[in-house]
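Work through the exercises below with the sequence and the model at hand, and try each task before reading its solution.

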Amino acid sequence: MMEIIDKAGKFVSKEYEKEITKEQAQKFYYHMLRIRTFDRKGKALQRQGRIGTYVPFEGQEASQVGSALVLEEKDWMFPTYRDHGATLTFGAEMDRVLLYWNGRVEGSVPSKEKNIYPASVPIATQLPHATGAAMAETYKGTNNVAIAYFGDGATSEGDFHEGINIASVFQAPVVFFNQNNGFAISVPIEKQMNSETIAQKSEAYGIPGVRVDGMDVFAVHFAVKEAFERARNGEGPTLIEAVTWRFGAHTTADDPTKYRDQEETEKKREELDPILRLERFMKNHDMWDEDWAEKIEKEIEAELDDAIVEMEKFQKPDPADMFDYVFEEPTWTIQEQKEILKGATK
Amino acid sequence: MAKMLEKQANESMETTKSMTLIQGVTDGLGTMLDDDENILVLGEDVGVNGGVFRATDGLQEKFGERRVVDTPLSEAGFVGAAVGMALNGLKPVVEIQFLGFIYPAYEQIATHVTRARSRTMGHYHLPMVIRAPYGAGVRSPEIHSDSIEALFTHLPGIKVVCPSNAYDAKGLLVASIEDPDPVLFLEPMRLYRGERVEVPTEKYSIELGKGERIIEGEDVTVLAWGAMVPIAKKAAEQMKEKNISCDVIDLRTLYPLDKDIIAESVQKTGRVVIVHEAQSTGGVGSEITSVINDKAFLYLKSPIERVTGFDVPVPLFALENDYLPTPQRVQDAIQKVIDF
Ligand SMILES: Cc1ncc(C[n+]2csc(CCOP(=O)(O)OP(=O)(O)O)c2C)c(N)n1
Ligand SMILES: [Mg+2]
């Protein structure tokens, strides 16, 4: 397993030592703190009934930030419902992400500058999309790359195989980024697959496979960066397994105590929490600055408060919208039905 | 333990128990697992977790991991495996976590589940059930709210059942599991924890293919199933105030349709409103219209009205109530067939 810093925040591998700067560590820390703050707020907003069911990702911040910060402007991101930490880091607008969790389709509309496909809810369906988007980039002669995010459970679906196989045959510039968080709802990884690792599945496709400590933001970052470089150089796809852990529930509608000991999970925090680990590393290497830490915390709170205000004052949903975006030209049945709804007794 | 025994003793003394729809499902599954050891339940999160809605709660504890099986996240895989099990002596009851996630298994259903009997001239047949919660109205995330029964009623070789209350849920589930052929069993999640009704604790079954009249009336036939049954009922109750009496029928089985109850009612009322939450085009409502055309055309006093979802993907929850038929829309339709 690829590791750069250990649990105590010390270098495991000196290989990357020169590449890791204070500035970079601060950037990673900032993004991880930002998405964690968002995530905790998401849970709170759900409890207060201000948004709908919410999917938390606490524990997966290093995996999401470390990977998302590799993408360049024109690259493609194909996330799942648990990857808004990655989309926020790549450039999704925060109020939009909140709107999505409030049942608003406006929340799935990407910002104009970024190629972010709406989160795939049907498991594993996004892998073939990433393959195709990457193939299109080669047809166009660019060196842009696509990344697909997916969970451990997703490896059991046919689309996992089909998406990776096609990419391997056509050597598409795509990175298959797996976050192995130990569970697919209640099903632990040992019941999901008989394979030792997810990374080893790459062998079947004849592509590189990398297993990386998903709690180590540097390890994730450099593993993904190298995979992107291979892809940009025409060396085809890579499968990356980031070994991480979901600290909380599967969704706010899930009760994890039905299938695992949440106290055990909380105990693991000292050892596993990716943000604590980075903080330790920064302190060990003279990269920590208390004033800076306070400053970014305040900045993040303010950004989040603004986003919530924006979400809550967003214009009311218009029922016409559900009819207007099915086709470029609405068919007659849709036109008629739109009129029916308009004319219906309120 | 003593408490458990006491509870069991109490239960066997009672003949019925008040249950929500989902409890009816759980009770039906438990009853059948008890009844026949060839029956097994499989799906995602159905074991330890008892299902994301708790439809299989307690069943793994009671019947063990061989009978109540947590599968990998693989709908095509476990529906396909259920085909192999069913042709080899087992009776699998498969849970699809939400109907909107059945699509990976559609190939297995369309090319194998529905055809084993035909392809072997009856040498093989598949006594299997696929259960799935379906429908909008509970603020679920995207794709969780689909109502796609018509994609299955159209396939030759699978029956489609959809209860609207706990009593029917148990009785129809028992009949579905006992049926020698494949059954898709749709559970309206919007009604899962709604109204309670008395349900016999013993095993009983309700014949597939039979609708039920839930309100007797003379003026307009209102046909519905699943989550639309309470909507139709409410509309009918409102219309009473205007002295319009509705014959409200819960179809309960969508394939094969109960042509007799439809014909008999329409021949009596001459006016029809069909209510379904699925999209309009190609919905089961179109098929019901054909049945009426065949069996009661000359009795009609007005064109048939359909109150349905729209020809759009079910919207995210901010707009789902605009998508769904409401009692008011049903009342307007009833008024329209009266005023014609
Ligand atoms: C095709 C399909 N089947 C079932 C579901 C229901 N479901 C939602 S999330 C989930 C577990 C996914 O596990 P994993 O791939 O490990 O991702 P994680 O949720 O852990 O991020 C399931 C079964 C779904 N969304 N899509
Ligand atoms: Mg997982």
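**Exercise 1. Describe how helix 10 of chain B packs against helix 11 of chain B.**

Solution. Begin with the geometry: helix 10 (residues 259-269) and helix 11 (residues 284-296) of chain B pack at an angle of about 65°, and their axes are 9 Å apart. Axes here are lines fitted to C-alpha atoms, for helices over the stretch in contact, and angles run from 0 to 180 degrees between N-to-C directions. Next comes the handedness, and the crossing of helix 10 and helix 11 of chain B is right-handed (the near helix is turned clockwise from the far one by less than a right angle). Helix 10 of chain B contributes B:Lys259, B:Ile262, B:Ala263, B:Val266 and B:Gln267 to the contact, while helix 11 of chain B contributes B:Ile288, B:Val291, B:Ile292, B:Lys295 and B:Ala296, where contact requires C-beta atoms, placed from the backbone, to lie within 7 Å. Sorted by class, this contact has seven nonpolar, one polar and two charged residues; Ala, Val, Leu, Ile, Met, Phe, Trp, Tyr, Cys and Pro count as nonpolar, Asp, Glu, Lys and Arg as charged, and the others, Gly among them, as polar.

The model is predicted, so local features need pLDDT of at least 70 and side-chain atom pairs count only at pLDDT 80 or more, whereas totals for chains, interfaces and linings use all residues. Residues are numbered from 1 along each chain as its sequence is written, and chains are lettered from A and ligands numbered from 1 in the order in which they are written.

**Exercise 2. Place strand 4 of chain B among its neighbours, and state how far it is covered.**

Solution. Helices (H or I, at least four residues) and strands (E, at least two) are DSSP runs, numbered from the N terminus, and two strands pair if DSSP finds at least two bridges between them. Seven strands of chain B form an open sheet in the order 3-2-4-5-7-6-12, with mixed pairing. Strand 3 (68-70) and strand 12 (253-255) of chain B stand at its edges with a single partner strand each, so one side of each has no neighbour in the sheet. Strand 2 (residues 39-43) of chain B pairs with strand 4 of chain B in the parallel sense over five bridges, and B:Ile39 stands opposite B:Lys91. Strand 4 of chain B also pairs in the parallel sense with strand 5 (residues 129-134) of chain B, over three bridges, with B:Glu95 opposite B:Arg131.

For the covering, five of the five residues of strand 4 (residues 91-95) of chain B are buried, a residue being buried if 20 or more other C-beta atoms lie within 10 Å of its own, with C-beta atoms placed from the backbone. B:Lys91, B:Val93 and B:Glu95 lie on one side and B:Pro92 and B:Val94 on the other, and both faces are covered.

**Exercise 3. Which residues of helix 2 of chain B are buried, and why is this helix described as largely enclosed?**

Solution. The buried residues are B:Leu21, B:Ile22, B:Gln23, B:Gly24, B:Val25, B:Thr26, B:Asp27, B:Gly28, B:Leu29, B:Thr31, B:Met32 and B:Leu33. Because twelve of its 15 residues are buried, helix 2 of chain B is largely enclosed by the rest of the structure.

**Exercise 4. How many residues of chain A are in contact with chain B, and which helix of chain A gives the largest share?**

Solution. The count is 35 residues of chain A, in contact with 33 residues of chain B. Helix 15 of chain A gives the largest share of the chain A side, four residues. That side divides into 19 nonpolar, twelve polar and four charged residues.

Terms used: Two residues are in contact if their C-beta atoms, placed from the backbone, lie within 7 Å.
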